[in-house]
4 protein chains.
Amino acid sequence: MIIVMKPHVGSADIAGIKQVLEAKGLQAHISEGTERTIIGVVGDKTRLNQEALLMMPGVEKLVPIMAPYKLASRTFHPANTVLDIKGIKIGGQEFTQMAGPCSVESYEQLDTVARSVRACGVRILRGGAYKPRTSPYSFQGLEQEGLRMLREVADHYGMLVISEITSEIDLENAAQYIDIVQIGARNSQNFRLLSAVGRSGLPCLLKRGFAETIDELLTSTEYILSENNSQLMLCERGIRTFETATRSTLDLSAVPVLKEKTHLPVIVDPSHAAGKASLVGPLALAAAAAGADGLIIEVHPNPKCALSDAAQQLTPEQYAGLSRQVAAICQVVGRSYPAADEAALTAALAQARPQLNGVPQV
Amino acid sequence: MIIVMKPHVGSADIAGIKQVLEAKGLQAHISEGTERTIIGVVGDKTRLNQEALLMMPGVEKLVPIMAPYKLASRTFHPANTVLDIKGIKIGGQEFTQMAGPCSVESYEQLDTVARSVRACGVRILRGGAYKPRTSPYSFQGLEQEGLRMLREVADHYGMLVISEITSEIDLENAAQYIDIVQIGARNSQNFRLLSAVGRSGLPCLLKRGFAETIDELLTSTEYILSENNSQLMLCERGIRTFETATRSTLDLSAVPVLKEKTHLPVIVDPSHAAGKASLVGPLALAAAAAGADGLIIEVHPNPKCALSDAAQQLTPEQYAGLSRQVAAICQVVGRSYPAADEAALTAALAQARPQLNGVPQV
Amino acid sequence: MIIVMKPHVGSADIAGIKQVLEAKGLQAHISEGTERTIIGVVGDKTRLNQEALLMMPGVEKLVPIMAPYKLASRTFHPANTVLDIKGIKIGGQEFTQMAGPCSVESYEQLDTVARSVRACGVRILRGGAYKPRTSPYSFQGLEQEGLRMLREVADHYGMLVISEITSEIDLENAAQYIDIVQIGARNSQNFRLLSAVGRSGLPCLLKRGFAETIDELLTSTEYILSENNSQLMLCERGIRTFETATRSTLDLSAVPVLKEKTHLPVIVDPSHAAGKASLVGPLALAAAAAGADGLIIEVHPNPKCALSDAAQQLTPEQYAGLSRQVAAICQVVGRSYPAADEAALTAALAQARPQLNGVPQV
Amino acid sequence: MIIVMKPHVGSADIAGIKQVLEAKGLQAHISEGTERTIIGVVGDKTRLNQEALLMMPGVEKLVPIMAPYKLASRTFHPANTVLDIKGIKIGGQEFTQMAGPCSVESYEQLDTVARSVRACGVRILRGGAYKPRTSPYSFQGLEQEGLRMLREVADHYGMLVISEITSEIDLENAAQYIDIVQIGARNSQNFRLLSAVGRSGLPCLLKRGFAETIDELLTSTEYILSENNSQLMLCERGIRTFETATRSTLDLSAVPVLKEKTHLPVIVDPSHAAGKASLVGPLALAAAAAGADGLIIEVHPNPKCALSDAAQQLTPEQYAGLSRQVAAICQVVGRSYPAADEAALTAALAQARPQLNGVPQV
């Protein structure tokens, strides 16, 4: 860290700062410039009260040199972290697919999706049981019943379950049903929830907040990692900008930036960023091309009838087509991709197709 | 709501939509334009599944005509809501001051601040007991002990207590100590917490999220208001933009816009928006001039020693000076302002002044 | 400037940087930290090729210590710059009002506005002759004819003329009619235009761009100031954010921030920021309260008939009422405000009122 | 367009609006809702004065149904526009590569780059002659001499020239040297320049502004297209957001959104968006995967010595590697890609390599 002093600062002020730093076991490297004196602070600054330092006489500003996070930093952990959740690897050589409906709506709905995406090689089933909705009058999820269905269907197809938890109160119960806790964009800085997930030891997918910088996202991870829970992956799902043509602006630059800054796996959620099914394909391909470790995509047997996010969900057939293209992109960027079980896929799609005839309950 | 149909849409699609709308007890006003057919939807759309409607054949987009919130809307409740919390009015003719330290740090600290701001006419004491901090290694608040001190000091000076709650778990306990629950920017869309506060019946100050539009803020209020808790005020505290010279960009246009759209009181927090004490004064005056119903400002006996947000807290003396200027602005815009007790203020400032000699614990 | 080296960098790299710096007459202060070596660069860095420095072996990043602008900086010019344009002072003790229609539409329109605002104490008449419109099919301004009317009317009432110029091609001609060149938000980084205005020696009001940080705005001023044209004032007119309730988000924090960073006068344009007449008053008062040196406000004899920006223009009567309130705010913040000529104002408003009967030409 | 009336509006107001609309040859479809009356406006609204309409008594707001642009809209021109510039097609089946240095610095520099990128299949040579720089003290380009070099080198290798023009003053002269005018992000709403380019008939690449929505970009195109110049392509180059890890946030969602909304070709500039060479590759691949029609990439024989944007330029060798990967991505998304001339490439890279030994002129 650099302390930039105000112009024409007296030597007593500089001496005062030197003294407090040395009292904390830090060194002060003083450099007098033409217009400013600056002080380099050398040593472990983790528990330094920077706000107090900023208030000392003569100090103009503090300039950080190192990132504000440590456990997530590639500097201190150069090798990629590869999660191993019941034998499923995330962040390694193989690209990860997670897929499933926005909300769990019924056993049949979930089974249809799981069967078809499993045939595409998907090993992680997503599905919302607790839904944070903009309006209190919208469908809020099947809650406990949804978690139970997720577990039952996932077990049937040999899959893991990922599902969003919106309150620390639900965590202990949910741990009996799910394999990966998803923390959504609205709770990305709900530090109480982050700490609780850290203590739970459950694997976690942490989504970037709508207004969170990449450095803030990485700093938030300390709430989880510092509890000795390193089963953590990050998820880019779009940030809020002035552009209104898409629900959020998917920041795909965040993928290579995160891969430079952190050793944690990076997943992309094109469904929520775009908010519109026709954009999910192009953005999914782009994410794979940009170097993401995986995708989480919403699939519904009959999107027009979905109880939430109807506009952005793919049909099983659309997902199967996209999965083939993602596989081809993975080959270009040197990633392996699980093979589809073509026979099972044909059967699953044949079984799913009639559900498209269902009529929306407007 | 208007349904805009795709170009060259068939009459069967239009008839299909008319049918589902009428089945829900709504009317469809069909208008064939040169390039598009549009359908006006007339009736109560509250529980209409708009996402499903958007997915029907032939539909291009939905255009809302009415705001997405109802209980907070001035359209349905033209008169200002004036909160009455144990006899203290908020949102009425008198301007509201809330002040106190960022974090409760000790009984003495809190008492010094409360004594001096009470003499300036402040009737609501703020202080953080549960602090959502960017880093898990920063001071996280005195928690239960902090709540206890707030109550004791406030009672001593005849003040109300406002304090932030970050988890529904703490709510029942906190209700024994505080008069107004503050929901912070990071939890503005933590709908579980909002619902719990709604059910608790506690008066609430809801801060706008960093990336929340004014319409989204007003929509979130339905989580509280729909629980029959109408003791609600809103707080503008800055939004996230590309500008980095201030911590957030205080959106003062939000004040007159909110006053047009909603009947709820509107408070401004210049301390968190600016992040720097020298900017708090100009922004506080500007907020009062723009028509805010009140201010919430951070005051510390010795800001340079504060355990959190040291850079943005005012001294009791600075607050007293600012309060006089705010009073003058209130007069210009036709608001009353509580008179200061000048003798008590002089005594309080004299008692507070020596604390400025404390040296920061860097 | 600080050069932060990569981890584990070799001494040859450090020596190499020391060498190139010294060859440019600069000093290198080397400080070896626990995890990084940093190099303080001391001396005049104005013409240093920073991009090349960043590319040298071992360099991770450059951290600027000083602001990227010099001529506009209060550090090097602590006293406020007070412009003196034909005897009218801007940036001094007296608050500055500029007012007039969005577009010059006719001699009568301009005369009506000028007469009434002059009676409120306004000495600077605004009016658009060249209009940058979003659509090429919208009214583009009266151009040369508009400039001529501005000069004639302003001379009649003893006022200065401010008008926007959108191309360096028009500058020489415009200089015969106008006293202050306005550079609009869309051209804030049209550096060719800025340089040309600098060379012209004409007083200038430079608006902040929609996506320009305060530091970038101040850096842009070097294009004008470095041509020895110091007759420059800045204008905050709103930035682009995710909020859509207002056309732009007026960044009033920019007022005290600019007053700290620069000696140049700071004007606020609430009309364009808000885009809506009912918001202009609150924002104008807020700007004066926040410490702005002046306001530029749009006034039209009959806004509903305006050929551009109809929704945001005030009537002469509304302006007169607002002016009285701004005067009262100025008193609170210690600024003087020119007295209105009440008799002339009454006459002007009486003459203006019948024009409100004009019916919009939709 | 829909006119939304205020609550409890009288029938005279509605009749008044009906009358003015019919006087303009438009139809008014009136629909009385439970809480609001709305009026659908049917017919050609191009030259309707919407601002005046908004000001009519009883009107609350106008809700556009159709996009504010027409000539660029895919609705009225469903087939892709394929530019044909001296036989080079842009926007057709074949993916377009444009490459070259940020600034033209010397004949040798330009020749080295052109030779190597031409061997990769590039047919369009980019190079800056007029550089809009943040600081007036930075290198501003070789101007006329740079244009001359571009033409000479491009002719030698059978390439087209694209170069940025920053003022309408330079246009006539530049037309003698360049094939495609580039309008940069800072001038994206410099409507005078846009009109001049429209009238010139020169093919144009129009970059999206830092704070420009997709709809605003498309509306700006009317300034060019309405002059009967349809040789236009658009370029996504990153928008300004709160994220500072990259210079701009590349909005890759804009690619599929633009392909839905407009028939014009869409090019992506990953170099300027990222501002850092290590991010250019991932973003270029992502852009191709997302469906862009082409890329414009900065290449320099020795980036660390570049006079502008040193950090983001690729070496010829890096470009050759990237080009091979882009070709493979194109195959996945069904685009053809020009074959590299491997022998010429090997020779060009061999010749280029020694230039990497040049030492930065800090």
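Here is a short chat about how the two chains of this predicted model fit together.

Student: How many residues of chain B are in contact with chain A?

Tutor: Count two residues as touching when their C-beta atoms, placed from the backbone, lie within 7 Å. On the chain A side, 46 residues take part. For chain B, the number is 46.

Student: Which helix of chain B gives the most to the side that touches chain A?

Tutor: Helix 2 (50-54), helix 6 (191-200), helix 7 (214-220) and helix 8 (222-225) of chain B each supply at least two residues of that side. The top giver, with 4 residues, is helix 2.

Student: By class, how many residues on that side of chain B are nonpolar?

Tutor: Let's go through the other classes before we get there. The side of chain B that touches chain A has 11 charged residues and 12 polar ones. The nonpolar residues number 23.

Student: What relates the two copies?

Tutor: Chain B lands on chain A after a rotation of 180 degrees, with 0.0 Å of shift along the axis and an RMSD of 0.0 Å. So the copies are related as by a two-fold rotation axis.

Student: And what percentage of the contact residues of chain B recur in chain A?

Tutor: The same surface serves both copies. The share of chain B's contact residues that recur in chain A is 100%.

Student: Which residue of chain B comes closest to the rotation axis?

Tutor: Go by the C-alpha atoms here. At 2.8 Å from the axis, the closest residue of chain B is B:Ala211.

Student: What distance separates the centres of the domains of chain A?

Tutor: Chain A is divided into domain 1 (2-63) and domain 2 (83-356). Taken over C-alpha atoms, the centres of domain 1 and domain 2 of chain A are separated by 46 Å.

Notes: Residues numbered from 1 in each chain as written. Chains lettered and ligands numbered in written order. Predicted model: local features only at pLDDT ≥ 70, side-chain atom pairs only at ≥ 80, totals over all residues. Nonpolar A, V, L, I, M, F, W, Y, C, P; charged D, E, K, R; others polar. Domains from an automatic or database assignment. Least-squares fit on C-alpha atoms with pLDDT ≥ 70 in both.
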